[in-house]
Amino acid sequence: TIANAQLIDSVSGDPVGTAVVGQTLKLQLEVSANADVPRLVLGVLIRDRTGHVVWGANTFFSEQVELQVAAGDTINYEVEFVCSLGGGSYGIACALTDGPDHLNVNYEWQDNLIVFDVINVGRAPFVGTSAIEHSFTAVRAA
């Protein structure tokens with residue numbers, strides 16, 4: 001069970017309801033096992049306001065699967081990431097599974113576990129859901 005979840009600023013540790021493009025964030029999760037679990041994988045998705053997945057990863061892919069989790073055990077997860085999202089509203093979904101996806105065994109899934117907004121402050125304007133670092137070069141032909 002995901003017992004506690006919060007999104008914080010990685011530097012100050014302050015809770016974040018509105019993030020700034022380029023800000024380093026940390027998702028903190030406390031997971032408690034209600035029963036013995038042979039393999040535990042945490043998955044995280046960020047969805048935009050329309051429900052489209054803009055990013056996702058899990059501890060299976062990072063080779064951090066927790067093995068032989070006993071009933072009553074607590075695992076504290078932290079996921080640090082740079083907010084490379086465009087302005088708008090986003091929801092974080094978290095899943096507890098036993099493998100690379102939720103199709104085989106899905107212990108828990110919570111959509112919109114955390115909802116937060118992103119604003120663009122001090123960067124060049126752009127459109128879309130991704131703040132991709134870029135530069136333009138233009139050379140006028142003679």
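Here are some notes on the sheet, the salt bridges, the nonpolar core and one loop residue of this structure.

1. Before anything else, keep in mind that this is a predicted model. Everything below should be read that way.

2. Let's start with the sheet. Three strands make up an open sheet, running in the order β1-β3-β7 with antiparallel pairing. The edges are β1 (2-9) and β7 (74-82), each of which pairs on one side only. From one strand to the next, the twist averages 15°.

3. Zooming in on one pairing: β1 and β3 (residues 24-32) run antiparallel to each other and are joined over 7 bridges. If you want a register check, look at N4, whose bridge partner in β3 is E30.

4. On to charges. How many salt bridges does the count come to? The count is 3, and each pair gets its own point below.

5. K26 and E78 meet through their side chains in a salt bridge, at 3.7 Å from N to O. K26 sits in strand β3 and E78 in strand β7, so this pair ties together parts 52 residues apart in sequence. Is K26 buried or exposed? K26 counts as buried, because its relative accessibility is 17% and the cut-off for buried is under 20%. E78 is another story: with 51% relative accessibility it counts as exposed, the threshold there being over 50%. Both values lie close enough to their cut-offs that I'd quote the percentages along with the labels.

6. The pair D111 and R47 also forms a salt bridge, with the closest N and O atoms 3.7 Å apart. Here D111 belongs to strand β9 (residues 106-119) and R47 to strand β4 (residues 37-48), so parts 64 residues apart in sequence are tied together. For accessibility, D111 comes out as partly exposed at 45%, and R47 is partly exposed too, at 23%.

7. The remaining pair is R123 with E133, where the closest N and O atoms are 2.9 Å apart. Both residues lie in the segment after β9, so the parts tied together are 10 residues apart in sequence. R123 has a relative accessible area of 37% and is partly exposed, while E133, at 63%, is exposed.

8. Now the inside. In soluble globular proteins, nonpolar side chains tend to be buried together. In this model the largest nonpolar core has 30 residues, and those with the most contacts inside it are L7, L27, L40, I92, C94, F116 and V118. Two or more core residues come from each of β1, β3, β4, β7, β8 (88-97) and β9. Which element gives the most to this core? That is β4, with 5 residues.

9. V118 deserves a look of its own, being one of the residues with the most contacts inside the core. Leaving out residues up to four places away in sequence, V118 touches A19, V21, C83, L85, G86, G87, G88 and Y90.

10. Finally, a loop residue. Where does T59 lie? T59 is in the loop between β5 (53-58) and β6 (66-69). Despite that loop position, T59 counts as buried, at 9% relative accessibility. Residues up to four places away in sequence aside, its contacts are L40, V41, L42, Q64, V65 and Y77. Of these, L40 has already come up as one of the core residues with the most contacts.

Key
Residues are numbered from 1 along each chain as its sequence is written. This is a predicted model: local features need pLDDT of at least 70, side-chain atom pairs count only at pLDDT 80 or more; totals for chains, interfaces and linings use all residues. Side-chain values use heavy atoms; hydrogens and water are left out. Two strands pair if DSSP finds at least two bridges between them. Helices (H or I, at least four residues) and strands (E, at least two) are DSSP runs, numbered from the N terminus. Axes are lines fitted to C-alpha atoms, for helices over the stretch in contact, and angles run from 0 to 180 degrees between N-to-C directions. A salt bridge is a side-chain nitrogen of Lys or Arg within 4 Å of a carboxyl oxygen of Asp or Glu. Buried means under 20% relative accessible area, exposed over 50%, partly exposed in between (1.4 Å probe, protein chains only). A nonpolar core is a set of buried Ala, Val, Leu, Ile, Met, Phe, Trp, Tyr and Cys residues joined through side-chain atoms within 4.5 Å. Contact means heavy atoms within 4.5 Å.
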